[in-house]
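Me: I would be glad of a close look at a single topic here, salt bridges. Please start from the rule for counting them, then follow the thread to whatever else belongs in the picture.

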Amino acid sequence: MVCSTWRAVSRSDPLWHRLTRGIWGRTNLFHDTWREEYIYRHQTAQNFRSGRAVHFALHFDPADVDDPNDPDALICRCLAFSDRYLACGFADGAVRLFDLTTRLHARTFRPEHHDRLGRFSRAVSGIVITATRLVFATLDGDIHVAAVNSNANPRRARLGEVLNDGALVDFTGRGRWWVGLYAGLPGRAYRVWDGNTEEPLFEGGALTDPEAVLGWHTLTEVTEFVGRVRVTSQESVVACTSSRLVIFDLGDLGAVLREEDYTNRRGILVGSFDVCNEAYVIVDGRGNASVRRADTSEEMCGFTVRPPRGVLGCMNGGYVLTCAGGVVRVWQIEQPGRQEYLYSFRERIGEVNALVADERHVAAASSDTNIHLWDFGAQ
C-alpha cells in the first residue's frame, strides 16, 4: 500500500521537472509529462551504463561536394550534437546535418569562401549548435551562422584574417559565449565573442605561443591536434595544448584561474580532452586519464588508457569515452577512485578523426569517411 500523500506527490509534474533538471540538466520537455521524461531519461542512462545501444552508419551523397577533384572534401573534422541533429564539419568547409530520429541526411550548409590560403584553410574547426541556430568556424578564421531549419546559405558573421590572427584551430561556445583558440602569432591565443550580438569581447593569452609554427602547418597539411578549448557550465574556459592546460574566467575576461604544466608527464594527448558541465577529462602522455572539477581541479576519478598514442576522448554527464586503435571504450565517472572501463563497443571503426557524446548518443567520424552513430535511447 502507498499512502495517499505520496501518491499525490508522485503525480506532481513540478517534482519530476525538478528531478530531471537536477540529474540530467534538462529544461526542454520532449514527452507529454515530466514524469514520462524522467522515466525515459532514467532508462536511457541505464542503457548507457550497460552498453545497450543500436549502431547506425550515416549516409550522404559523396558526389555532393563543391569540388569533385578535392581529395579532402569528404574528411569529417568535427562533430556536435543538438537535441535533434548531429552536425558534421568537413575539410571543404561544409557542415552536414543528420536527423537523429530518422538518421537521414537533412541538409548541407556551404559558406561562400574567399581566397584559399592552404589546402585545409577552409576546413571546419568547430561547431556550436542549438535548437534553432548553427554556428561554425573554419581554420582561416571565418565564423558562419545559419538557421538550423532553413536551407538558406549561412551568413558570415566574421571574416577571418588569418595572417593577422593565426589559424583558428578550435572553436566552441555555450550560452551567450563563443570562444576561439588560435595558433600562429604570439599573445593572441584566445578570442571571446558575445554570441548574441556577435561582438568581440576579448583577445589575448600565450597558451599556443610554443605551437605557432604548428598552427601555420594546419592550413596546409594534416597535423596532430594543436589545442582544444571548451566552455564549462560555470562560465569558465578550459583550454589545452600538448604541454599546458589553462582555465580562465569569462566573468573577468583575461583572468587566469589555474594553469598546469604537463611537460614532466610527457605532455597532454590533446585529442583526449573534453568538458561536460563543470568537469573536464584529460589524458597525459603516460596514458593516465583524469576527470577533474574545473573550479577546484579536484580529481573526480582516474584510469589508465592503453595504448595512449592516438587517443581521442569525449564525455557526457556520467561517462568518459575513449577511442584508440578503432575501439571505443566507456568509463564511469560517477564513482571516486581509479577504475577499469565498463565495456567497449562491438564495432571496430578504424582510425578516428572526431568523437562526441551526449546523454543519449555517441558519434564518431572515421578516417575512411564513415560516420558512426550509437543510440542508447530507451525503447
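Reply: Happy to. A salt bridge is counted here when a side-chain nitrogen of Lys or Arg lies within 4 Å of a carboxyl oxygen of Asp or Glu. Please keep in mind that this is a predicted model.

With that rule, Asp274 and Arg230 qualify, since their side chains meet with N and O 3.2 Å apart. Asp274 belongs to strand β18 (residues 274-276) and Arg230 to strand β14 (residues 228-231), so this pair ties together parts 44 residues apart in sequence. Both partners, Asp274 and Arg230, are buried.

Searching the whole structure gives 19 salt bridges, and two others are worth a visit. The side chains of Arg176 and Asp194 meet at 2.8 Å, N to O. Here the link is between distant parts of the chain, 18 residues apart: Arg176 sits in the loop between β10 (167-174) and β11 (177-183), while Asp194 is in strand β12 (residues 190-194). The two partners sit in unlike settings: Arg176 is partly exposed at 34% relative accessibility, whereas Asp194 is buried at 10%.

Next comes Arg188 with Glu203, whose closest N and O atoms are 2.8 Å apart. Arg188 lies in the loop between β11 and β12 and Glu203 in strand β13 (residues 199-204), so parts 15 residues apart in sequence are tied together. Arg188 is partly exposed, with 26% relative accessibility, and Glu203 is partly exposed with 39%. This pair also has company: Arg158, Asp165, Arg188, Arg191 and Glu203 are linked in a network of salt bridges.

Now for a place where the count comes up empty. The domain assignment splits the chain into domain 1 (1-50) and domain 2 (55-375), and between these domains there are 0 salt bridges. What does cross the interface is 3 residue pairs in polar contact. By class, the side of domain 1 that touches domain 2 has 4 nonpolar, 3 polar and 2 charged residues. The C-alpha centres of the two domains lie 32 Å apart, and the contact draws on 9 residues from domain 1 and 11 residues from domain 2. Together the domains bury about 910 Å², with 54% of that on carbon and sulfur atoms. On the domain 1 side, Tyr40, Phe48 and Arg49 lose the most area, together 64% of what that side buries.

Phe48 leads us to Asn316, which has Phe48 among its contacts beyond four places in sequence, alongside Cys276, Ile333, Asp358 and Glu359. Asn316 is found in the loop between β22 (312-315) and β23 (319-324) and is buried, with a relative accessible area of 1%. The side chain of Asn316 reaches the backbone nitrogen of Gly318 at 3.0 Å and the backbone nitrogen of Tyr319 at 2.9 Å.

While we are on loops, two backbone angles may interest you. Ser297, in the loop between β20 (288-293) and β21 (299-304), has a positive phi of about 65° although it is not a glycine; at 13% relative accessibility, Ser297 is buried. Thr369, in the loop between β27 (361-366) and β28 (371-375), has a positive phi near 75°, and its 34% relative accessibility makes Thr369 partly exposed.

How values were computed
Residues numbered from 1 in each chain as written. Predicted model: local features only at pLDDT ≥ 70, side-chain atom pairs only at ≥ 80, totals over all residues. Heavy atoms only, no water. Helix = DSSP H or I, 4+ residues; strand = E, 2+ residues; numbered from the N terminus. Buried < 20%, exposed > 50% of the residue type's maximum accessible area, 1.4 Å probe, protein only. Domains from an automatic or database assignment. Contact = heavy atoms within 4.5 Å. Buried area = accessible area lost by both parts, 1.4 Å probe. Polar contact = N/O pair within 3.5 Å; in protein donor to acceptor, adjacent residues only side chain to side chain. Nonpolar A, V, L, I, M, F, W, Y, C, P; charged D, E, K, R; others polar.
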